[in-house]
Amino acid sequence: HVSITDSLMFNPARADLLPQSSDVLKRVAEVLAGDVQSVKVEGHTDNPPIRSARFPSNWELSAARASSVVRFLSHNTVIRDPSMYQAVGFGEFQPIAENTTRDGRARNRRVEILFSLVE
């Protein structure tokens, strides 16, 4: 399980990976070169509403961010089988900190990469 804050990966209210995110994701891809059975990428946001033309809610934003990470990993690891990947958007509905503070909101904006190993 790897958790990465969104500020390292994305600009605010965007789902396009930032250039510096590739270094971190390439390290994750090295781990995935082992005996991995599945990879699940979860996108999470804080709770202030987003209403853009592209993302009408935090749910869509979180799902798009998870999909961007899946796309990167599926093209940069030895695991090329798309059926081994899942992209899930949770929006603001699984916070790990209070959304009442700036620090708490920053902690909630994250991408989590969960992988299970072949037994």
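**Note on the sheet, its helices and D46**

1. Strands β2 and β4 (residues 110-117) form an antiparallel pair that runs over eight bridges. Two positions illustrate the register: G43 lies opposite V111 of β4, and V39 has F115 of β4 as its bridge partner. The model is a predicted one, and the points below should be read as describing that prediction.

2. On β4 there is also a pairing with β1, again antiparallel, over four bridges. Here I4 has V111 in β4 as its bridge partner. V111 therefore appears in two places in this note: it is opposite G43 and it is the partner of I4; two strands count as paired when at least two bridges are found between them.

3. The sheet as a whole is open and has four strands, ordered β1-β4-β2-β3, with mixed pairing. Its edges are β1 (2-5) and β3 (85-89), each of which pairs on one side only. Averaged over the sheet, and with direction ignored, neighbouring strands are turned by 15° against each other.

4. Helix α3 packs on this sheet and touches β2, β3 and β4. The direction of α3 makes about 160° with that of β3.

5. A second helix, α2 (residues 21-31), meets α3: the two axes come within 10 Å and cross at roughly 55°. Because of that angle, α2 is oblique to α3. The crossing in which α2 passes α3 is right-handed. On the α2 side the contact involves S22, L25, K26, V28 and A29, and on the α3 side V69, F72, L73 and N76.

6. D46 deserves a separate entry. The residue sits in the loop between β2 (36-44) and α3 (58-76). Is D46 buried or exposed? Its relative accessibility is 10%, so D46 counts as buried, the cut-off for buried being under 20%.

7. The side chain of D46 makes a polar contact of 2.6 Å with the side chain of R109. Leaving aside residues up to four places away in sequence, D46 touches N58, E92, N99, R105, N108 and R109. R109 is thus listed both as a residue that D46 touches and as its partner in the polar contact.

Terms used:
Residues numbered from 1 in each chain as written. Predicted model: local features only at pLDDT ≥ 70, side-chain atom pairs only at ≥ 80, totals over all residues. Heavy atoms only, no water. Buried < 20%, exposed > 50% of the residue type's maximum accessible area, 1.4 Å probe, protein only. Polar contact = N/O pair within 3.5 Å; in protein donor to acceptor, adjacent residues only side chain to side chain. Contact = heavy atoms within 4.5 Å. Axes fitted to C-alpha atoms, helices over the stretch in contact; angles between N-to-C directions. Parallel < 35°, antiparallel > 145°, perpendicular 65-115°, else oblique. Left-handed = near helix turned anticlockwise from the far one by under 90°.
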